[in-house]
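Open the model in your viewer and keep the selection panel at hand, since each stop below tells you what to select and then what is to be found there. Please take the stops in order.

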Amino acid sequence: MKKLIIACGVGALLMGVTACGKSNAAATGDAALNDSLSVLFGKVVGSQIAANMQRQDDGKIDKQAFLRGVQTAVNADSTQESYLQGLGMGVRFAEQFNYFTKDMGIEIDRETFMKEFKAAFNADSIGDTTMDQALLNSLMQRAQKAAEDRKLEELNNAPEAVAARKAGEAYIDSLKKADSAIKTTESGLSYKVISEGAGDAITDNDQVAVIYKGTLPDGTVFDDSKGEARNFRPSQVVPGFGEGLKMMKKGAKYMLYIPGDLAYGIKGQPYAKIGPNQTLVFEVEVSDVNPKK
């Protein structure tokens, strides 16, 4: 659920004042006015929050649990500033723990956390935590990496990604059976030499002027230099395209058949309508290498 922020301005509009704070009723002891403000403030703000929830269409909200949380905070002793600060800090801890569980698969044991937190907080002196901080950072990085790996695995095994990978493999296999001139590198890039160039092979450090046209296996064009050379380095493009460029020389023209894992991978490129694990086909011509400005 999105955070609901209720500004004091809501109360100000009701009370006819311009800022949050104690009302004149509290100062004068006008009990009737205090009661009226209490009723209307609760009614209006409660209605506004309910309306916000409906607009957000968040069916996961447990209204009774939400009300218990509001009641705990509202009934807290406002004279105990330290308690209120601790309450706010605890809420932030809980939000962080929920994030760990939902997005990273980490379960923080609340009892263990509070035991260590209390011991450190109540210690007579604060020791050097540099090593502990470094270890914590390392563990968090490991957890983040594991979470990312799990997410990628889920994406890779999604029906759309599996189907695209199999279709791409079948497509390239059919081309190779029909045309013996198509070769495949160890990485899985398939290519066909239309014309060889001359000079030195291209490296990652070279600026290459390239005329190209990119299509999907069904012939849909997703990128086209339209006969004009565009300059970039092999390291600035998808791995399969970069590998193909480094096999070429000035004046060379190749067809590149790039499987999904050497193209945009399981995330695809939605804005170009390239799906996960989508195989790409490029007609590539190197018009110049390290062209002068």
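Begin by selecting helix α5 (residues 81–104) together with helix α6 (residues 110–122), whose axes come within 13 Å and cross at roughly 135 degrees. That angle makes α5 oblique to α6, given that angles under 35 degrees count as roughly parallel, over 145 as roughly antiparallel, 65 to 115 as roughly perpendicular and the rest as oblique. The axes here are lines fitted to C-alpha atoms, for helices over the stretch in contact, and the angles run from 0 to 180 degrees between N-to-C directions. Helices (H or I, at least four residues) and strands (E, at least two) are DSSP runs, numbered from the N terminus.

Before going further, note that this is a predicted model, in which local features need pLDDT of at least 70 and side-chain atom pairs count only at pLDDT 80 or more, while totals for chains, interfaces and linings use all residues. Residues are numbered from 1 along each chain as its sequence is written, and side-chain values use heavy atoms, with hydrogens and water left out.

Stay with the two helices and show their side chains: which residues of α5 meet α6? They are Phe93, Ala94, Phe97 and Asn98, and on the α6 side Arg110, Phe113 and Phe117 take part, where contact means heavy atoms within 4.5 Å. The residues of this contact of α5 with α6 divide into five nonpolar, one polar and one charged; Ala, Val, Leu, Ile, Met, Phe, Trp, Tyr, Cys and Pro count as nonpolar, Asp, Glu, Lys and Arg as charged, and the others, Gly among them, as polar.

Now select Phe93, Phe97, Phe113, Phe117 and Phe121, which ring pairs link into a cluster. Rings of Phe, Tyr and Trp (its six-membered ring) pair if their centres lie within 6.5 Å, and planes under 30 degrees apart count as stacked, over 60 as edge-to-face and the rest as tilted.

Next, keep α5 and add helix α7 (residues 130–156), which packs against α5 at an angle of about 40 degrees, with the axes 10 Å apart. The two helices, α5 and α7, are therefore oblique to each other. In this contact, Tyr99, Phe100, Asp103 and Met104 in α5 meet Met140, Ala143, Gln144, Ala147 and Arg150 in α7. By class, the contact of α5 with α7 has six nonpolar, one polar and two charged residues.

Select Asp103 by itself: is this residue of α5 buried or partly exposed? With a relative accessible area of 44%, Asp103 is partly exposed, where buried means under 20% relative accessible area, exposed over 50% and partly exposed in between (1.4 Å probe, protein chains only). If you add Glu148, you will find that its C-alpha atom and that of Asp103 are separated by 9.2 Å, although the two residues are 45 apart along the chain.

From here, turn to the aromatic pairs, of which the structure holds 14. Select Phe222 and Phe282, whose ring centres are 5.5 Å apart and whose planes stand at 85 degrees, so the pair is edge-to-face. This pair links distant parts of the chain, with Phe222 in strand β4 (residues 221–224) and Phe282 in strand β7 (residues 280–289), 60 residues apart. Both Phe222 and Phe282 are buried. Then select Phe232 and Phe241, another edge-to-face aromatic pair, with 5.9 Å centre to centre and 80 degrees between the planes. Phe232 is buried, with a relative accessible area of 12%, and Phe241 is buried as well, at 3%.

Move on to Lys249, found in the loop between α9 (239–245) and β6 (253–258). Lys249 is partly exposed, with a relative accessible area of 31%. Not counting residues up to four places away in sequence, Lys249 touches Gly197, Ala198, Gly199, Asp200, Ala201 and Val286. The C-alpha atoms of Lys249 and Glu285, 36 residues apart along the chain, are separated by 9.4 Å.

The last selection is a pair of residues in the loop between β6 and β7, namely Lys273 and Asn277. Phi of Lys273 is near 60 degrees, a positive value in a residue other than glycine, and Asn277 likewise has a positive phi of about 60 degrees although it is not a glycine. Lys273 counts as exposed, at 72% relative accessibility, whereas Asn277 counts as buried, at 5%.

Finally, show the whole chain, whose secondary structure comes to nine helices and seven strands. Of its 293 residues, 25% count as buried.
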